Amino acid sequence: MNSSSTETSHLKHIYWRSRRGMLELELKLVPFVRDCYSDLDETLQAAYEQMLEEEDWQIFDWLQGKLEPQDPNTQILIRKISAHQGRL
């Protein structure tokens, strides 16, 4: 497998993992991954993948501004996801 197909496979995996049980959350994460994930640096991509390990309610509360993540990179991602949602 060449690096291009590996990247495509990885992106499909991240896209699939961004599909969540909570529709409101999925409607924020899936467009972000589709439009922005590839443009993130490796650190933020890794932080996004780590964020996907959290419970849906946790990510949703972050995106709603009810709570703030402790990790600075996750804070950056939450701002980016929210800003992207505002552009749609």
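**Close-up views of a predicted helical model**

**View 1. Ala-46 in helix H3.** Ala-46 has a relative accessible area of 44% and is therefore partly exposed. The model shown in this and the following views is a predicted one. Ala-46 belongs to helix H3, a segment that spans residues 42-51. Its C-alpha atom lies 9.3 Å from that of Asn-73, although 27 residues separate the two along the chain.

**View 2. The largest nonpolar core.** This core contains 20 residues. Those that touch the most other members are Leu-29, Phe-32, Tyr-48, Met-51, Leu-63, Leu-77 and Ile-81. At least two core residues are supplied by each of helix H2 (23-36), helix H3 (42-51), helix H4 and helix H5 (72-87). H2 provides the largest share, namely five residues. The surroundings of Phe-32 can be followed in detail: beyond its neighbours within four places in sequence, this residue contacts Tyr-37, Leu-40, Tyr-48, Leu-77, Lys-80, Ile-81 and His-84.

**View 3. Packing of H2 against H5.** Two packed helices are described by the angle between their axes and the distance between the axes. For H2 and H5, the angle is about 90 degrees and the axes are 9 Å apart. H2 is therefore roughly perpendicular to H5, since angles from 65 to 115 degrees fall in that class. On the H2 side, the contact is formed by Leu-27, Lys-28, Leu-29, Pro-31, Phe-32, Asp-35 and Cys-36. On the H5 side, the contributors are Leu-77, Lys-80, Ile-81, His-84, Gln-85 and Arg-87. By residue class, this contact of H2 with H5 comprises seven nonpolar, two polar and four charged residues.

**View 4. Packing of H2 against H4.** The axes of H2 and H4 are 10 Å apart and meet at an angle of about 65 degrees. This angle makes H2 roughly perpendicular to H4. The crossing of the two helices is left-handed. Glu-24, Leu-25, Lys-28 and Leu-29 of H2 meet Asp-56, Ile-59, Phe-60, Leu-63 and Gln-64 of H4. The residues of this contact of H2 with H4 divide into five nonpolar, one polar and three charged.

**View 5. Burial along H4.** Helix H4 covers residues 56-64 and is mostly covered, with seven of its nine residues buried. The buried residues are Asp-56, Gln-58, Ile-59, Phe-60, Asp-61, Trp-62 and Leu-63. Among the elements that cover them are H2, H3 and H5. Gly-65 follows H4 and has a positive phi, near 80 degrees.

**View 6. Trp-57 in H4.** Trp-57 is located in helix H4. Its relative accessible area is 48%, so Trp-57 is partly exposed; the class of exposed residues begins over 50%. Apart from neighbours within four places in sequence, Trp-57 is in contact with Met-22 and Leu-67. The C-alpha atoms of Trp-57 and Leu-25 are separated by 8.7 Å, with these positions 32 residues apart along the chain.

**View 7. Arg-20 in the loop before H2.** Arg-20 is part of the loop that lies between helix H1 (3-18) and H2. With a relative accessibility of 15%, Arg-20 counts as buried, because the limit for burial is under 20%. Residues up to four places away in sequence aside, Arg-20 touches Leu-25, Glu-26, Leu-29, Leu-52, Glu-54, Glu-55, Asp-56 and Ile-59. Leu-52, one of these partners, is 32 residues from Arg-20 in sequence and 9.3 Å from it in space, C-alpha to C-alpha.

**View 8. Glu-26 in H2.** Glu-26 lies in helix H2. A relative accessible area of 18% places Glu-26 in the buried class, so the limit of under 20% is met. Outside the neighbours within four places in sequence, Glu-26 contacts Ser-18, Arg-19, Arg-20 and Pro-31. The contact between Glu-26 and Arg-20 links this view to the preceding one.

Key. Residues are numbered from 1 along each chain as its sequence is written. This is a predicted model: local features need pLDDT of at least 70, side-chain atom pairs count only at pLDDT 80 or more; totals for chains, interfaces and linings use all residues. Side-chain values use heavy atoms; hydrogens and water are left out. Helices (H or I, at least four residues) and strands (E, at least two) are DSSP runs, numbered from the N terminus. Buried means under 20% relative accessible area, exposed over 50%, partly exposed in between (1.4 Å probe, protein chains only). Contact means heavy atoms within 4.5 Å. A nonpolar core is a set of buried Ala, Val, Leu, Ile, Met, Phe, Trp, Tyr and Cys residues joined through side-chain atoms within 4.5 Å. Axes are lines fitted to C-alpha atoms, for helices over the stretch in contact, and angles run from 0 to 180 degrees between N-to-C directions. Angles under 35 degrees count as roughly parallel, over 145 as roughly antiparallel, 65 to 115 as roughly perpendicular and the rest as oblique. Ala, Val, Leu, Ile, Met, Phe, Trp, Tyr, Cys and Pro count as nonpolar, Asp, Glu, Lys and Arg as charged, and the others, Gly among them, as polar. A crossing is left-handed if the near helix is turned anticlockwise from the far one by less than a right angle, and right-handed if clockwise.
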